[in-house]
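Here is a short note to help you find your way around this structure. Keep the 3D view open beside you and take the points one at a time.

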Amino acid sequence: GSYLVDVKVMTDVGGTNSAYTLKGINWVAQNVDTDWGNNDSSIGIDVMSMSFGSVSSGGDDPGDNGSNAEARAVDAAADAGVVPVAAIGNDGYRRVTSVGAADSAITVGAIEDKDTINRDDDSIASYSNSGPREDDGDDDEGNDGGVDAHDADVDDGMVCAGEGVDA
């Protein structure tokens, strides 16, 4: 089974800011081993799913490069044992969100599957943001045995936040 833990970082009308986001991500990292006392599946936090609305300034805004405070907090949560999953955004630009740009984030977008089981005809949905993110200058190649996403057989349209993907 599974157990969900809500962490609210948005106001009642859907707004947020960096301070609220950071507080929520840090709270998750601090509670990674908490026993919520309900059943055997309610111990700790294993996965952090993040989807924040944001506004892009247009097609020339690539978003974050993984070095801002939110991305560093996501990486710290991953170091604590949480699997961070982030939505890339839905304004249709090549733009990676701040939490999605973290080296450790599994950043996901939407696809158009053409109503077939064949993945060869899939494409990034017109409204979905895409990567890659901007280079943050760190060594994503030296990721302790992880797989370099650029070595994998991926299409140019594949959404990859960080270069190093630990599997």
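**Notes for a first look**

1. Let us start with a partner in a salt bridge: Glu134 has a relative accessibility of 31% and so counts as partly exposed. Please keep in mind throughout that this is a predicted model. Glu134 pairs with Arg94, with 2.6 Å from N to O. The two come from distant parts of the chain, 40 residues apart: Arg94 sits in the loop between strand E2 (83-87) and strand E3 (106-108), and Glu134 in the loop between strand E5 (123-124) and strand E6 (147-148). Arg94, at 33% relative accessibility, is partly exposed as well.

2. A second salt bridge to look for joins Arg133 and Asp103, whose closest N and O atoms are 2.9 Å apart. Arg133 is in the loop between E5 and E6, while Asp103 is in the loop between E2 and E3, so this pair ties together parts that lie 30 residues apart in sequence. Is Arg133 buried or exposed? Its relative accessibility is 8%, so Arg133 counts as buried, the cut-off being under 20%. Asp103, with a relative accessible area of 22%, is partly exposed. Asp136 also belongs here, as Asp103, Arg133 and Asp136 are linked in a network of salt bridges.

3. For a contrast in setting, turn to Lys8 and Asp12. They form a salt bridge in which the closest N and O atoms are 2.6 Å apart. Asp12 is exposed, with a relative accessible area of 74%, and Lys8 is exposed too, at 60%. How many salt bridges does the structure hold? The count is 4. As general background, side chains of opposite charge can pair when their charged atoms come close.

4. Now step back to the overall layout. The protein has 2 helices and 7 strands, and along the sequence they follow the pattern α-β-α-β-β-β-β-β-β. Of the 167 residues in the protein, 34% are buried.

5. Next comes an open sheet of 3 strands, in the order E1-E2-E3 with parallel pairing. Which strands are at the edges? They are E1 and E3, each of which pairs on one side only. On average, neighbouring strands in this sheet are turned by 20° against each other, ignoring direction. In general, strands of a sheet pair through backbone hydrogen bonds, either parallel or antiparallel.

6. You can trace the pairing residue by residue. E1 and E2 run parallel and are joined by 4 bridges; Val47 has Val83 in E2 as its bridge partner. E2 and E3 also run parallel, with 3 bridges between them. Val85 has Ile106 in E3 as its bridge partner, and Ala87 stands opposite Val108 in E3.

7. Strand E2 rewards a closer look at its side chains, which alternate along the strand. Pro84 and Ala86 point to one face and are buried, whereas Val83, Val85 and Ala87 point to the other face and are not buried.

8. The second largest pocket holds about 570 Å³ of space. It is lined by 26 residues, and those closest to its centre are Val5, Val7, Val47, Met48 and Ser49. Helix H1 (18-30) and strand E1 (47-50) each contribute at least two residues to the lining of this pocket. What is the make-up of that lining by class? There are 14 nonpolar, 9 polar and 3 charged residues.

9. Finally, a few backbone details are worth checking on screen. The peptide bond from Gly131 to Pro132 is cis, with omega near 5°, and Pro132 is found in the loop between E5 and E6. Lys114 is not a glycine, yet has a positive phi of about 60°. Lys114 lies in the loop between strand E4 (111-112) and E5 and, at 38% relative accessibility, is partly exposed. Asp115, in the loop between E4 and E5, is likewise not a glycine and has a positive phi of about 55°. With a relative accessible area of 75%, Asp115 is exposed.

Terms used. Residues are numbered from 1 along each chain as its sequence is written. This is a predicted model: local features need pLDDT of at least 70, side-chain atom pairs count only at pLDDT 80 or more; totals for chains, interfaces and linings use all residues. Side-chain values use heavy atoms; hydrogens and water are left out. On a 1 Å grid over the protein atoms alone, a cavity is a set of points where a 1.4 Å probe fits but cannot get out, and a pocket is an open set with protein on both sides within 12 Å along at least five of seven lines; lining residues have an atom within 4 Å of a point. Grid points are joined across faces, edges and corners, and a volume is the space filled by probe spheres set on the points. Ala, Val, Leu, Ile, Met, Phe, Trp, Tyr, Cys and Pro count as nonpolar, Asp, Glu, Lys and Arg as charged, and the others, Gly among them, as polar. A salt bridge is a side-chain nitrogen of Lys or Arg within 4 Å of a carboxyl oxygen of Asp or Glu. Buried means under 20% relative accessible area, exposed over 50%, partly exposed in between (1.4 Å probe, protein chains only). Two strands pair if DSSP finds at least two bridges between them. Axes are lines fitted to C-alpha atoms, for helices over the stretch in contact, and angles run from 0 to 180 degrees between N-to-C directions.
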